[in-house]
Amino acid sequence: MTIASDAGTRERILDLVIQHGPITARALASELELTAAAVRRHIQALEQDELIIEHETPGPQVPRRGRPARLYISTEAGQARLTNAYSDIARATMQFLEDEMGEGAVVAFAEKRFGAFFERYEPRVAAAGPEPSARVAALADALTADGYAATVRKVGNGFALQLCQGNCPVLRVAHEYPQLCAAETRAFGKLLDLHVQRLATLADGEHVCTTNIPLNVRPTKGQE
């Protein structure tokens with residue numbers, strides 16, 4: 001395998017870890033149709049470059065026979081590989097708004113940004129029909145097309161869905177301005193016409209942004 005193809009494979013592995021992590025080497029090998037040994041070699045290189053790390057599951061673990069499978073997630077440096085190159089300009093713009101016009105201007109900007117986000121995504125979500133899981137899947141597809149590496153997971157017996165975003169194109173800005181995350185969450189609720197609750201964000205140091213969507217709860221007045 002050439003150096004160029006090695007680099008390409010590692011980029012694909014990193015993308016999969018960002019999108020689907022925590023994920024095992026075996027799952028990566030299956031997705032890429034590579035041997036587990038080949039994937040482990042690339043994982044070792046990505047770990048050495050501090051782009052991915054082994055995920056430690058919180059809480060007590062149930063003892064199992066044999067060696068437990070290792071799970072991998074991306075680091076902040078790994079996330080930065082997919083982060084918008086204009087982050088520094090965006091941060092400077094947000095800082096200017098806050099300094100010159102106060103926090104209200106930042107909130108107004110965030111609402112306007114995700115108002116445009118709603119207008120762009122609404123036709124695609126509406127085309128998916130009234131079934132909630134289809135609407136959430138359509139939103140995830142639209143987000144992925146815009147670089148958010150989004151996936152949908154069922155919770156329990158399907159009483160809720162979780163919309164997970166493995167990448168945030170405005171991550172460096174969202175670290176300092178959580179108003180962006182709040183406005184995005186409100187836009188999700190409006191798009192889906194469902195109650196949504198943000199459980200975790202990349203901006204707060206989690207490995208994925210997670211929005212919980214219970215399927216038996218209608219949106220509150222504040223989310224409409």
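pLDDT is the predictor's confidence in each residue, on a scale from 0 to 100.

**Figure 1. Confidence across the predicted model.** The structure shown is a predicted model. Its protein chain has a mean pLDDT of 82, with 84% of the residues reaching 70 or more. Over residues 58–63 pLDDT stays under 50, and the model has zero contacts for this segment beyond four places in sequence. Where pLDDT is low, the predicted coordinates should not be read in detail.

**Figure 2. The two faces of helix H2 (residues 25–32).** Ala 25, Leu 28, Ala 29 and Leu 32 are the buried residues of this helix. Seen down the axis of H2, these residues fall within an arc of 100° and so line one face of the helix. The face turned away from the buried side carries Arg 26, Ser 30 and Glu 31, which are exposed. Glu 33 follows H2 and has a positive phi, near 55°.

**Figure 3. Surroundings of Gln 179 in helix H9 (residues 179–192).** Gln 179 has a relative accessible area of 13% and is therefore buried, the cut-off being under 20%. Apart from neighbours within four places in sequence, Gln 179 is in contact with Glu 103, Val 106, Val 107 and Ala 110.

**Figure 4. Positive phi at Ala 149 and Asp 193.** Most residues other than glycine have a negative phi. Ala 149, which is not a glycine, has a positive phi of about 45°. Ala 149 lies in the loop between helix H7 (132–145) and strand E4 (150–155) and is buried, at 10% relative accessible area. Asp 193 has a positive phi near 55°. Asp 193 is placed in the loop between H9 and strand E6 (197–200) and counts as partly exposed, at 39% relative accessibility.

Terms used
Residues numbered from 1 in each chain as written. Predicted model: local features only at pLDDT ≥ 70, side-chain atom pairs only at ≥ 80, totals over all residues. Heavy atoms only, no water. Helix = DSSP H or I, 4+ residues; strand = E, 2+ residues; numbered from the N terminus. Buried < 20%, exposed > 50% of the residue type's maximum accessible area, 1.4 Å probe, protein only. Contact = heavy atoms within 4.5 Å. Arc of directions from axis to C-beta.
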